[in-house]
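User: Could you take a close look at the side-chain packing here, covering contacts, charged pairs and ring pairs? I would like one connected account, with each term explained where it is used.

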Protein chains: 2
Amino acid sequence: MIESVVFNKEKGRLELLDQTRLPVETCIVNCQTEHDTAMAIVGMQVRGAPAIGVAAAYGIVLGLNNPQNHEKIFASAFESICDLLAATRPTAVNLFWAIARIKEAVACAGSSDFASAAAVALHKADEIRAEDIEMCRTIGRYGASLLKDGDTWLTHCNAGALATAGYGTALGVFRAAQEQGKKFKVFVDETRPLLQGSRLTAWELMQEKIDATLICDNMAGSLIRDDRVQGIVVGADRITAHGFVANKIGTYPLAVLAKYNGVPFYVAAPDSTFDMSIKYGDEIKIEERDQDEVRYIGGQQIAPKDIPVYNPAFDVTPPELITAIITNKGIIRPIYRDTIPEFIKPDQCREAK
Amino acid sequence: MIESVVFNKEKGRLELLDQTRLPVETCIVNCQTEHDTAMAIVGMQVRGAPAIGVAAAYGIVLGLNNPQNHEKIFASAFESICDLLAATRPTAVNLFWAIARIKEAVACAGSSDFASAAAVALHKADEIRAEDIEMCRTIGRYGASLLKDGDTWLTHCNAGALATAGYGTALGVFRAAQEQGKKFKVFVDETRPLLQGSRLTAWELMQEKIDATLICDNMAGSLIRDDRVQGIVVGADRITAHGFVANKIGTYPLAVLAKYNGVPFYVAAPDSTFDMSIKYGDEIKIEERDQDEVRYIGGQQIAPKDIPVYNPAFDVTPPELITAIITNKGIIRPIYRDTIPEFIKPDQCREAK
């Protein structure tokens with residue numbers, strides 16, 4: 001099993017699979033302190049909201065074990081450690097949520113010294129990690145029930161073990177199907193501009209010995225038309241109460257192609273991805289990223305230096321194009337404003353905590 | 001005006017805009033002999049079927065002017081020159097067609113010495129080039145009638161001056177609209193894997209001072225959904241008698257997205273692109289190209305070395321997704337088996353000659 005975030009208790013360090021070096025090199029980043037952990041999050045050596053949350057939780061443990069902090073007053077040192085890690089990625093919901101859970105556990109335990117707080121924090125960090133993996137396994141089992149022996153499915157971006165504490169959401173469906181002994185193939189969209197499909201998903205599926213074939217994003221259409229794809233599964237960054245799904249740019253075109261050709265289109269995501277406070281897709285602000293992500297690949301210029309670029313990170317897929325949403329609470333189908341609340345209770349949303 | 005293929009009569013050489021160096025550098029390849037010309041075609045310094053045909057025609061002129069050949073018997077030397085150029089790109093229809101026209105002109109003129117044959121060949125090569133530009137201008141004028149002031153259109157790959165003797169087919173529509181004083185914007189698909197959109201079309205439109213914005217192929221969907229595109233125009237590699245269009249991979253998904261969102265989808269191509277000998281899309285063999293085109297960009301590895309890749313060069317768009325085909329004979333609309341023969345006569349097809 002691929003483990004992107006591992007706390008090595010013997011050596012007292014956090015070991016991260018360096019996602020900036022994949023697939024060319026498989027390297028482990030060893031974080032000895034909270035500062036090392038913060039740098040790894042900022043530098044995107046660990047990425048994916050759930051994986052970042054787990055890494056930050058262990059980063060707090062490292063901070064509490066760091067002898068340099070022991071010369072300071074416990075309460076203010078603990079606060080500084082948490083603030084340092086919270087400042088790494090401003091928009092990752094799981095990051096703040098994981099830090100808040102550690103803080104709450106330390107407060108509940110009444111810890112007021114570094115050693116006892118570190119023990120409580122480590123226990124809670126392990127729990128967050130285990131919960132995330134278990135949630136992915138549940139999603140995987142539900143999703144695998146939709147994949148038939150002999151199928152070929154397609155996925156986009158990386159909703160895999162590398163983005164979570166392990167196992168993955170969309171890729172969890174493939175892991176579970178393989179564990180059930182099903183035979184199937186997967187087409188992987190390379191996912192421009194940052195190539196999470198070719199760099200991460202292709203690597204991850206090869207590690208699991210899942211039969212994977214890489215394509216450019218614009219090749220999915222003719223595969224679907226030629227009846228060479230029996231299902232599509234993607235992850236989600238945010239899902240509204242009425243079932244609009246924000247996910248990596250390129251998701252919406254796949255959903256339209258699937259609808260036009262009668263192929264089922266699935267979204268795999270935990271209940272924490274639902275934002276029940278908003279209803280429609282246009283309430284989701286789409287982040288526009290650096291234009292040079294499109295003009296350059298790995299420092300190499302592939303377009304005129306001064307050509308204007310439009311580079312949205314996400315698109316929104318409306319519910320009428322989604323066959324089902326595979327969650328840890330069950331398979332939501334069909335996607336209507338009435339069906340989602342049957343599975344997703346507002347107080348179960350991570351945002352509500 | 002961008003001129004990809006120019007015969008410099010004063011200096012007796014063929015000047016090609018080096019398309020392998022764009023957009024990073026704007027270089028001219030000077031061909032002094034038929035061998036230089038053949039190497040430039042093989043090395044894809046000149047690309048696009050019409051541009052290759054014109055380059056080969058001038059390559060014959062250079063061969064007939066080459067003093068080294070004057071020591072040989074005229075007829076066999078002429079045949080060798082033509083064979084050399086015909087062997088450069090095995091599937092480019094315009095290449096064989098251009099060479100055949102030069103041969104026919106030399107035979108008709110009864111030329112039996114190098115000097116007179118060179119004069120006849122040069123005249124015919126100029127004619128082929130002028131015809132190609134005029135054909136593109138006609139397509140451009142027809143297409144521009146469909147583009148409204150204030151529109152934003154989208155294009156894929158490079159069906160421009162760089163692919164033809166000048167002016168282009170799909171990009172000819174934009175040139176003509178600009179000449180008519182219309183104000184409009186263009187989104188350019190980067191066109192993975194070989195990036196003809198970001199490398200060539202983006203550069204070409206900037207040269208013409210047309211307002212162009214570059215996107216990744218998978219970003220077109222959300223632009224279309226958000227009502228930010230009023231028309232799509234692409235070129236074609238081959239069109240069947242019933243209106244199935246083979247074009248650069250990624251064309252079919254655009255056509256589906258356009259249909260789903262009620263945006264007109266146009267194909268711009270000369271009558272010579274129609275192959276009236278076939279009816280349906282599945283009669284067109286789709287070339288699969290080198291897997292490393294997807295695994296590497298400019299020598300840089302972007303995927304696991306050993307991940308299997310599916311890399312089709314073209315896809316097929318069925319007639320029901322095409323609003324109109326813009327040809328030099330007029331605008332064909334709607335696209336049915338009955339409408340195409342009204343515009344395209346079998347004996348006008350280049351293939352039939």
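Analyst: Helices (H or I, at least four residues) and strands (E, at least two residues) are DSSP runs, numbered from the N terminus. The model is predicted, and local features need pLDDT of at least 70 and side-chain atom pairs pLDDT 80 or more, while totals for chains, interfaces and linings use all residues. Residues are numbered from 1 along each chain as its sequence is written, chains are lettered from A and ligands numbered from 1 in the order written, and side-chain values use heavy atoms, without hydrogens and water.

A loop of chain A makes a convenient start. A:Thr169 sits in the loop that runs between strand 4 (152–155) and helix 6 (170–179) of chain A. Its relative accessibility is 9%, so A:Thr169 counts as buried (under 20% relative accessible area is buried, over 50% exposed and in between partly exposed, with a 1.4 Å probe and protein chains only). Once residues up to four places away in sequence are set aside, A:Thr169 is in contact (heavy atoms within 4.5 Å) with A:Cys136, A:Ile139, A:Ala159, A:Gly235, A:Ala268 and A:Pro270.

A loop of chain B gives a second example. B:Ile302 belongs to the loop between strand 13 (300–301) and strand 14 (314–317) of chain B, and B:Ile302 counts as buried because its relative accessibility is 4%. Apart from neighbours within four places in sequence, B:Ile302 touches residues of chain A, namely A:Pro23, A:Glu190, A:Leu195, A:Ser198, A:Arg199 and A:Ile297, as well as B:Arg192, B:Val294, B:Arg295, B:Tyr296 and B:Ile297 of chain B. The C-alpha atom of B:Ile302 is separated by 42 Å from that of B:Asn8, which is 294 residues away along the chain.

Two contacts of B:Ile302, A:Glu190 and B:Arg192, lead on to the charged pairs. B:Arg192 makes a salt bridge (a side-chain nitrogen of Lys or Arg within 4 Å of a carboxyl oxygen of Asp or Glu) with A:Glu190, and the closest N and O atoms are 2.6 Å apart. This pair crosses between chains, since B:Arg192 lies in the loop between strand 5 (185–189) and helix 7 (196–207) of chain B, and A:Glu190 in the loop between strand 5 (185–189) and helix 7 (196–207) of chain A. B:Arg192 has a relative accessible area of 2% and is therefore buried, and A:Glu190, with 0%, is buried as well.

With the chain letters exchanged, A:Arg192 forms a salt bridge with B:Glu190, where the closest N and O atoms are 2.6 Å apart. That pair also runs between chains, from the loop between strand 5 and helix 7 of chain A, where A:Arg192 is found, to the loop between strand 5 and helix 7 of chain B, where B:Glu190 is found. A:Arg192 is buried at a relative accessible area of 2%, and B:Glu190 is buried at 0%.

Elsewhere, salt bridges with shared partners join A:Arg101, A:Lys124, A:Glu127 and A:Glu131 into one network. Within it, A:Glu127 and A:Lys124 are bridged at 2.9 Å, N to O, and they lie 3 residues apart, about one turn, in helix 5 (residues 114–144) of chain A. A:Glu127 is partly exposed because its relative accessibility is 28%, whereas A:Lys124, at 17%, counts as buried. Over all chains, the count is 38 salt bridges.

Turning to the rings, there are 16 aromatic pairs over all chains (Phe, Tyr and six-membered Trp rings with centres within 6.5 Å; planes under 30 degrees apart are stacked, over 60 edge-to-face, the rest tilted). The centres of B:Phe7 and B:Tyr58 are 5.1 Å apart and their planes at 10°, so this pair is stacked. The pair connects distant parts of the chain, with B:Phe7 in strand 1 (residues 5–8) of chain B and B:Tyr58 in helix 2 (residues 49–65) of chain B, 51 residues apart; B:Phe7 and B:Tyr58 are buried. B:Phe74 and B:Phe114 are edge-to-face because their planes stand at 80°, with ring centres 5.3 Å apart. Here helix 3 (residues 74–86) of chain B, with B:Phe74, is linked to helix 5 (residues 114–144) of chain B, with B:Phe114, across 40 residues, and both rings belong to buried residues. In chain A, ring pairs gather A:Trp153, A:Phe174, A:Phe184 and A:Tyr266 into a cluster.

Finally, helix 2 and helix 3 of chain A meet through A:Ala56, A:Gly59, A:Ile60, A:Gly63 and A:Leu64 on helix 2, and A:Phe74, A:Phe78, A:Ile81, A:Cys82 and A:Leu85 on helix 3.
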